[in-house]
Amino acid sequence: MRRTVIGLALISLAMLMIIMLAGEANACFSWDVTCNDRSNNVDRDDYTIYTIQVDMSPGCRNQYWLYFDFDGIPSGWDAMILDQTGHEIPVRTEFHLSGTVTYYFSAAVFAPPDGGNGETAYVTVLITADDRYNQNDTEEVETSSVCNGVVSHSPSDTTLVVTNTTTSTVSLSWDQVADTDFRRYEIHQSNATDFIPVMTTNIHEITSRSTTTYVVEGLSAGSSYYFRVRVVDNEGSSTGGPYFTDSNEGNGTTTGVNYPPLRVNITQSWDTENNNTMLEWEVSEEEDFRMYRFFSHHESGYKPGASFMVLDLYEKAIDSARISGLWENKTNYIILRVVDQGGMYNDSEEFSVLTEDWLPERSRITEISEVTDEECHLNWTSAGINDFDRYELHLSTESGYTPDGGTLTVTEKDQRYNFTDVEDLEYYTTYYAMVRTYDKGGNYADSPEEFEFRTEADGEAPDPVTINVPGEGNVTDDEIRIDWTESTSNDYQNYTVFRGNISGFDPDDDSVIVLHTSDRKELDVLDEDLEDYTNYYYIVRVHDVEDLVSDSDEMEVMTQHDGEEPEAVVLEDPEDEDITSDSVDLNWSRCTSNDFLSYEVYYSTEKNFDIETEGTMERNITSRYVGTETVSDLLSETKYYFKVRTWDNEGMYADSNEVNAETEEPPPDEQPPEPVVLETPTEEDIDYKSVKLNWSKNDNSDFDRYEVHMSTESGFDPDSGTLEKTITDRTDTNVKVSGLDAETEYFFVVRTWDNEEPAHYADSNQKRAVTEEVPESERDPDGVTIQNPFTPDIEGNSIVVRWTENENGDFDLYEVHMSEYPGFTPESSTKVGEIDEQETTSYTVTGLVESTDYHFIVRVIDTQERSADSPEVMITTLNNPPSAVTINLASSITKVSFDIRWTECEDVDFERYEVHVSTYSGFNPGDSTHYDDITRSGTTVLVVVDLEPDTEYYVVIVVVDSEGAETESNEYSVMTQRASGSGGGGGDTPGFELVVVSTAMIVAGLMVRRRRP
């Protein structure tokens, strides 16, 4: 006997109570729980039966979920739920109610082998209305009943034997049971082994306990069948029983050859409507007839399958029926399949029926709610058509549009879902929504009018605009035209253009507003009456409707020259206090031209000298606010003439007046030392890294030191930055300057200092020297260059590093160095590879981490252990797609649900499982097939609910990692059970079908484990 084992905790005694958890005053259903104690029966232990009566009120919807829960049952006892025919029902069961009908369900608790009594048991029943059809019609009711005592056991076992098979019969025999409360034997037959007896497998019942044989007839030749005998007792007939025990499973194979049934054809159709028609066909003459099965599709030549099935009939004598679910305004091709008891079949020829054309009803959008800056919820009227195919929600930012693929936003395949959430909208944007309704014939109808709504502002400052660099013709000597990019912010309100006179100006305090406009398309402004050759600074500010602002980067623009010569400055005559023995202080007026470039101070010993040919430039001054200069290093007791030339940025200049001054006689203690004479270095004095210098000896008695200065620029001024050597011995007049670069031009000066206070100096003449090439024997090896990697060279955990070949004759090896940090120095800890073959210019680095930046340097080493490093290169590993999982089991299959199971993804960067469900094989997972997300990699089971009966579903698990990479599983198909009342075969008995479950489930907060008998 199949039982349900439920682990339960004991609870204290409680009062009988009925609690309405949710629902309205006019409840759609009510409960009556009755507890019946049966004691001291002749051949039974005590037992307890709970009878639950469900009354359905008229006018309420008829699809609900029923949950059973047991409290207070002693640990180790078994519990099961039976319907009034004695069949076990699942703990979580969907059932249908219509009108005012009463159903009975019994829960029996069986005593353990060692007996027991005096225990208290509770039964709790929870019913929940399915709210898929009407969200406001959900009710939950909890009720309980208390009973005392222990309960009975099941009938005796029997053993089944299968004998005497023929081409169409199998003989069964079994042991007679001795139970006094015997009620009947049930003969169950299936085409599959290890089956569980249910109503649809019951082929015969025997009420005589002494009748223990039965011949099964009408079987197919050469076919294998499986049988069980169920013994049913007579207990509980008034309370919803009875109880039963199943025999072992017997197998019998008929003799002969199994031929498929003869084909029968559809002969005529009539009374054809938009999606249904009446058909008439030939009656099958097969002795082992099982059923007629009808298929329909709107394309000829299709292969009949579960997705095309429209009706099953189990009575052979029927020769006409109405076929529904056809396509409107289409030629439907109908095939009639005859199936025998062995599962073999034969298909008719296609029979074509042209249906009528009815356009679907228009759906009107009725409400928008939960509007944010990027989301909203839309409701529309239901289509209410039989051949519904889908809703399409279309959105556009343009009014008067025609819905097409570019405006399609959401597709909904379930007619009951006349609402949807829309995401990823643009903030502060006006949208025009329409619903297009399609029927299965491809006809559609659009909403009668557009539904207009606007999203909210996003609460963020608008994106800044960019000021463009003024092009040719946009800048003159007194005007500047500024233009900028258009604001892309949906909640734009206006632009403000600010002008400042200094860089980094504050637009709110230190500026002039040159434009304020609300026109988003007004993208330029002409700023007039400006100064020539002057820098101006501009910022464009964007305001939005929430008074949030953002500023562009500052743009600097200079007006052009005015085309006139700069103003000449006036040079003042030097006063006595401005003149020394070796210098003259000059003063002049400042230039006021905006395009001022520089002052040049010239002097000469010639009166009315020509600056170009006779003048010596003392200094170039680039600030127009400087009007003084000291001309130094002049000869004593010499008359000099001076001029100042003013330049502008157009290359125009103006010369000042000429002034003169005669230098004084120097005092004895201010005479500079005698300069030395630097000799030209000879070839013997120069090699690739040094130059030897020689100079004349200084004979002054107050000599202090020589300073050797060096630069790579001719005419340099000696200072601390050019000092190379200091020599304090007056007789030491040569030095070797080392550490120089090969093949480089150098300039040298020797400065002589005295020891006076203050000290004086004199510079030698300047000499030039060019260093030689580095000898071949002393050169470092040539470095290599790491090449850009090819796409196949980069994977998630490895990189192939490639470089150019070194061609030196003294090559020794390559070293490959790697670090996760830029700017690293190659050392032993960074070395990942070593190659001693000069022509091998690649190396594979493994063991890396996905999506990680790595930095590489290739070092070349020669036989003298000299080295040269390549430039550093960064390479990023790829993100490997996640490991695919395998769907390997579907269980707990009911009419509206099933459990799906798959292997576990063990990748460290696992993000989630995406479960996709479709009624089409080979589908592409997407938004329309997305069922659920699971973020724990160890969770590899999911209950898929809200399905249609007798429908084949296809499931794919998409694994997504933290980088967004995806991998799809295999496609797994599951067929839900047939709905009650469909097809023929004698109808249905009120109650529920038995569902084979071999996995653990969580139901109503309890762990339920189900097992086979």
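Where is Ser892 found? Select Ser892 in this predicted model: the residue is found in the loop between strand E63 (887-891) and strand E64 (898-902). Its phi is positive, at about 50°, although Ser892 is not a glycine. Ser892 counts as buried, at 6% relative accessibility.

**The whole chain**

Before continuing, display the entire protein as a cartoon. The secondary structure comes to 1 helix and 72 strands. Of the 1013 residues, 46% count as buried. Among contacts between residues at least 6 apart in sequence, 69% join residues at least 24 apart. Switching to a surface representation shows an accessible surface of about 50000 Å², and carbon and sulfur atoms account for 42% of that surface.

**Backbone geometry at two further loops**

Select Tyr533 next. Tyr533 lies in the loop between E38 and E39, and like the serine at the start of the tour this residue is not a glycine yet has a positive phi. The value for Tyr533 is about 45°. With a relative accessible area of 14%, Tyr533 is buried.

Then move to Glu757 and Pro758 and inspect the peptide bond from the former to the latter. This bond is cis, with omega near 0°. Pro758 is in the loop between strand E53 (745-754) and strand E54 (761-763).

**A buried isoleucine and its neighbours**

Select Ile206, which has its place in strand E14 (residues 202-206). Is Ile206 buried or exposed? At 8% relative accessibility, Ile206 counts as buried, because the limit for that class is under 20%.

Now show the side chains around Ile206. Leaving aside residues up to four places away in sequence, Ile206 touches Trp174, Phe182, Arg184, Tyr185, Thr211, Thr213 and Tyr214. A distance label may also be placed between Ile206 and Arg183: their C-alpha atoms are 8.8 Å apart in space, and the two residues are 23 apart in sequence.

**Salt bridges**

Side chains of opposite charge can pair when their charged atoms come close. A search of the whole structure finds 37 salt bridges, and the following stops visit some of them.

Begin with Glu392 and Arg390. The two form a salt bridge, the closest N and O atoms being 3.0 Å apart. Glu392 is buried, with a relative accessible area of 8%. Extend the selection to Asp389 and Lys413 to see a network of salt bridges that links Asp389, Arg390, Glu392 and Lys413.

Proceed to Arg481 and Asp524. Their side chains meet in a salt bridge, at 3.0 Å from N to O. Arg481 lies in strand E35 (residues 480-483) and Asp524 in strand E38 (residues 524-527), so this pair ties together parts that are 43 residues apart in sequence. Both partners can be checked for exposure: Arg481 counts as partly exposed at 30% relative accessibility, and Asp524 counts as partly exposed at 31%.

The next pair is Arg541 with Asp551. Their side chains meet in a salt bridge, with 2.7 Å from N to O. The pair links distant parts of the chain, 10 residues apart, with Arg541 in strand E39 (residues 535-544) and Asp551 in strand E40 (residues 549-551). How do the two partners stand with respect to the surface? Arg541 counts as buried at 10% relative accessibility, whereas Asp551 is partly exposed, with a relative accessible area of 30%.

**A negative surface patch**

For the last stop, return to the surface view and select Asp782, Glu805, Glu807, Asp812, Asp836, Glu837, Glu839 and Glu865. These residues form a negative surface patch.

Two members of the patch deserve a separate selection. Asp836 has its place in the loop between strand E58 (831-835) and strand E59 (842-845), and Glu839 is likewise found in the loop between E58 and E59. Asp836 is exposed, with a relative accessible area of 59%. Glu839 is exposed as well, with a value of 55%.

Finally, add Asn806 to the selection and draw a line from its C-alpha atom to that of Glu839. The two C-alpha atoms are separated by 8.0 Å, and the residues are 33 apart along the chain.

Terms used:
Residues are numbered from 1 along each chain as its sequence is written. This is a predicted model: local features need pLDDT of at least 70, side-chain atom pairs count only at pLDDT 80 or more; totals for chains, interfaces and linings use all residues. Side-chain values use heavy atoms; hydrogens and water are left out. Helices (H or I, at least four residues) and strands (E, at least two) are DSSP runs, numbered from the N terminus. Buried means under 20% relative accessible area, exposed over 50%, partly exposed in between (1.4 Å probe, protein chains only). Contact means heavy atoms within 4.5 Å. Accessible areas come from the Shrake-Rupley method with a 1.4 Å probe; for residues, only the protein chains shown count as cover. Patches are made of residues with over 30% relative accessible area and no salt bridge: like charges are joined within 9 Å, nonpolar side chains (Val, Leu, Ile, Met, Phe, Trp, Tyr) within 5 Å. A salt bridge is a side-chain nitrogen of Lys or Arg within 4 Å of a carboxyl oxygen of Asp or Glu. Lys and Arg count as positive and Asp and Glu as negative; His and the chain ends are not counted. The place of a charge is taken as NZ of Lys, CZ of Arg, CG of Asp or CD of Glu.
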